[in-house]
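Colleague: Here is the model on my screen. I want to know what stands behind each label, so let me ask about them one at a time.

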Amino acid sequence: MGGDMNIELTDLLDKLVSIEKVYPLAASTEITIPKAPDFFIEPSLKKIEGNEKSPFLIITAPGATGKSALSTFWANKQNVYLWNLSGIDIGKNYFSGTLIDSFGESNIPSVITDIQNGKIGFIIDAFDEAEVACGWGRIHNFISEIYKFTKNVKTPTIALIARRETADFIALTLNEVLNAPDYGYYQINFFSKEKSKEFLSRYIENKNPKSLQHHERMLQIFEKIATNVDNILSQKKDTADFPFYGYAPVIQAIAMLFMENENFQKLEADYKNTDFSRKIIIKIINDILIREQKKFLDSFKTNADVKTFSSSSLIIDKFYSVEEQLDYLVYISAGTELDIQSKITSYNLPNTIVSAYITSVKTTIRNHPFLKDGKNFVSAVFQDFCCATLLSTKHTDAVFSFAQTKFFNITPLFWDFYLTKRKANDIEAQHIGIMYESVRSMAKEEIFAVIYNDNERLVLSYEINQATLPQNISINTGTNLAFINHLRNMSIHTDLDIEFYSKGDEFSIYNAEVYTKGKIIIHPKKLEIICHNLEKPIYLSSETTFKFSKDLAITSSGNKNFNMFYPNGRMYPFANYFKEKEESDLKNIDNAMLALRKILRWFRKDKRDSIARFADLINTVVKTSQINQDMLKYLLKTKVIYFDSPFYKMTHREAAKKGINFDALKNAEPNKDLKQFLEDFVK
């Protein structure tokens with residue numbers, strides 16, 4: 001293993017073996033050798049860790065930063081097979097089944113032999129979409145099968161590409177579950193300012209070469225945007241490592257604005273009078289939506305039936321509004337039938353106009369510039385703007401419907417779009433799961449959050465990186481807390497009901513604890529518990545009840561360290577996991593060990609110089625019981641940890657003397673020194 005280091009993209013691309021023998025592929029297959037993309041701008045790359053004598057390379061990046069473009073470019077340049085997992089059912093075929101479908105039964109013995117001998121390279125992309133569609137269990141089986149075929153290969157032949165958290169789970173599967181050899185682990189970064197300019201130029205050249213006559217002026221305006229966004233982000237420290245201008249969909253949105261404007265003198269004047277805050281992106285997108293409305297109305301008003309009702313012109317000018325477009329776009333992307341008529345029912349217009357309007361919208365909306373192929377968002381920036389704007393104005397149904405489909409892949413933009421529309425710096429409780437996913441998507445490290453009652457308000461406190469203090473935001477408590485698809489790296493202490501939803505029919509939980517006085521409502525039919533380490537147990541507790549489908553099935557991986565509690569909860573399917581209230585203040589060895597795990601489970605090293613965690617977050621976690629608070633005080637008293645503002649940091653020498661380490665916390669029974677430490681605490 002090695003530390004973080006920047007490398008050239010070529011150094012990575014050349015590591016993957018090329019195909020020695022090209023086999024014919026079936027006409028319809030997920031596996032291809034793609035054509036070169038229209039253009040490709042090399043991103044910067046960081047090596048996180050790894051050993052290139054393993055068959056596996058893991059490539060990660062925040063959402064929508066060019067993973068698919070890299071996959072296509074890499075596969076074409078290196079002459080390897082590209083395997084796209086999006087939109088397919090991995091559980092149907094897994095690895096070997098898809099090989100048979102793609103290469104044919106007659107070739108499969110030779111193909112498998114070449115795979116086992118390291119003579120065929122694969123780039124496997126879209127793990128995030130596959131996880132949403134199929135669940136982690138099937139992804140786990142898919143990776144396990146690949147490993148069976150490649151475990152004796154001593155050079156990289158398989159590149160696995162995913163967002164950071166999915167990539168971390170892939171690494172966990174290889175390392176801890178399969179006991180596979182080390183792997184290469186790399187991270188794609190956002191574009192630098194210069195790379196962003198290059199991307200802008202190449203994108204415009206590819207889409208509309210005539211626009212390049214304004215090339216220098218375009219770059220000047222883009223430079224103003226980039227500079228001012230830099231200034232904004234230097235103040236907004238929780239997103240300081242997320243440059244808007246370095247995010248490919250944002251550059252595309254700016255390019256579209258440039259290509260659609262002939263009057264660059266006016267465009268420059270508009271931007272000169274703008275404060276260049278985060279609202280610049282919203283302005284760009286709103287401009288596009290307003291132009292779309294104008295284009296629609298200009299055409300719609302030429303309809304013969306509409307022309308005869310000039311008295312309705314003021315009403316008709318409201319048609320196809322920005323909000324209406326957003327609603328239609330989200331419903332289309334969710335695969336839901338459009339209810340166009342309800343949008344204009346209150347106007348009491350003649351049936352002829354209503355009919356003409358419905359026909360026009362159906363014809364126009366699927367050619368919207370925010371959509372590709374008439375059904376999916378062309379980029380995440382448009383998806384997040386539409387969904388965040390609707391959600392922030394409490395138009396929840398369309399967004400929740402879309403968020404539960406495999407097409408919804410949230411990005412950091414969602415967070416800013418949502419809060420820009422809010423009058424107060426708060427989040428609806430029902431929106432918390434979606435909003436937290438946006439925060440997590442911008443992180444380059446594992447992040448951690450606590451939801452807790454602070455006097456009369458509910459607060460979300462989260463840490464996004466090791467360099468900044470935890471961020472706190474209020475939660476409006478008029479609705480239930482809601483999470484979609486999974487709950488990860490979170491400690492929840494609330495009086496509210498909590499609901500679990502799913503994009504498929506499976507909800508997964510990893511490194512989480514939930515304590516509520518309200519109900520826990522599980523909508524999916526499958527609950528997947530991911531728990532490989534004893535020091536990170538999963539606990540769900542309701543003082544009221546659990547509500548779930550009679551068909552609910554619970555699956556678990558790892559050591560199954562999952563416990564739950566609700567009154568009269570000793571029944572199927574939770575009978576094997578029922579445990580009386582975990583928050584016991586009785587001082588005994590078992591509860592002391594539990595309290596120790598409860599505190600130290602959240603400590604981590606990341607890029608810090610020592611194992612540490614923000615003190616404010618730990619202080620919040622221990623509020624749930626007296627024994628937790630006592631254990632924290634004892635850890636400080638015995639100098640196992642110490643306060644170094646704003647962190648609690650671990651003292652390695654003192655911890656070692658007392659038998660405290662993360663391996664010890666994974667074990668069911670404490671070692672001799674740790675047992676003595678716990679006994680001294682109990683006394």
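Modeller: Start with Pro 573, which sits in the loop between strand E24 (562-565) and helix H22 (589-600). Helices (H or I, at least four residues) and strands (E, at least two) are DSSP runs, numbered from the N terminus. The model is predicted: local features need pLDDT of at least 70 and side-chain atom pairs 80 or more, while totals for chains, interfaces and linings use all residues. Numbering runs from 1 along each chain as its sequence is written, and side-chain values use heavy atoms, with hydrogens and water left out.

Colleague: What is the peptide bond from Tyr 572 to Pro 573, cis or trans?

Modeller: Cis, with omega near 0°. Ser 645 to Pro 646 is cis too, with omega near 5°. Pro 646 lies in the loop between strand E26 (641-644) and strand E27 (647-650). For background, most peptide bonds are trans, and most residues other than glycine have a negative phi.

Colleague: Which sign does phi of Asn 568 have?

Modeller: Positive, about 60°, although Asn 568 is not a glycine. Asn 568 is in the loop between E24 and H22. Asn 485 also has a positive phi, near 80°. Asn 485 is in the loop between E15 and strand E16 (486-494).

Colleague: Why is Asn 568 called exposed?

Modeller: Buried means under 20% relative accessible area, exposed over 50%, partly exposed in between (1.4 Å probe, protein chains only). Asn 568 has 68%, so it is exposed. Asn 485 has 10%, so it counts as buried.

Colleague: How do you know that helix H19 (residues 396-403) is largely enclosed?

Modeller: Of its 8 residues, 6 are buried, so the rest of the structure largely encloses H19. They are Thr 396, Ala 398, Val 399, Phe 400, Phe 402 and Ala 403. Among the elements covering them are helix H15 (322-333), helix H18 (380-392), E15 and E17. Contact there means heavy atoms within 4.5 Å.

Colleague: What makes E15-E17-E19-E22 a sheet?

Modeller: Two strands pair if DSSP finds at least two bridges between them. E15 (residues 481-484) and E17 have 4 bridges, so they pair. E17 and strand E19 (residues 520-522) have 3 bridges, and E19 and E22 have 3. The result is an open sheet of 4 strands with parallel pairing. E15 and strand E22 (546-548) are its edge strands, each pairing on one side only. The twist averages 15° from one strand to the next, using axes fitted as lines to C-alpha atoms (for helices over the stretch in contact) and angles from 0 to 180 degrees between N-to-C directions.

Colleague: Which residues cover both faces of strand E17 (residues 498-501)?

Modeller: Ile 498 and Phe 500 are on one side, Glu 499 and Tyr 501 on the other, and all are buried. Phe 500 is the bridge partner of Phe 483 and stands opposite Ile 522 in E19.

Colleague: Why is the pair of Phe 95 and Phe 142 called edge-to-face?

Modeller: Rings of Phe, Tyr and Trp (its six-membered ring) pair if their centres lie within 6.5 Å; planes under 30 degrees apart count as stacked, over 60 as edge-to-face and the rest as tilted. This rule gives 40 aromatic pairs. Phe 95 and Phe 142 are 6.2 Å apart centre to centre, with 75° between the planes, so the pair is edge-to-face. Phe 95 is in helix H3 (residues 90-103) and Phe 142 in helix H6 (residues 136-150), so the pair ties together parts 47 residues apart in sequence. Phe 377 and Phe 402 have 5.8 Å and 55°, so that pair is tilted.

Colleague: What makes Lys 587 lie over the face of Phe 681?

Modeller: A charge sits over a ring if NZ of Lys or CZ of Arg is within 6 Å of the ring centre and within 35 degrees of the ring normal. Lys 587 lies over the face of Phe 681, at 4.5 Å from the ring centre.

Colleague: Why is there no bond from the sulfur of Cys 386 to that of Cys 387?

Modeller: A disulfide is a pair of cysteine sulfur atoms within 2.5 Å. The closest cysteine sulfur to Cys 386 is in Cys 387, at 6.6 Å, too far for a bond. Cys 386 is buried at 0% relative accessibility, and Cys 387 is buried at 0%. The whole structure has 0 disulfides.
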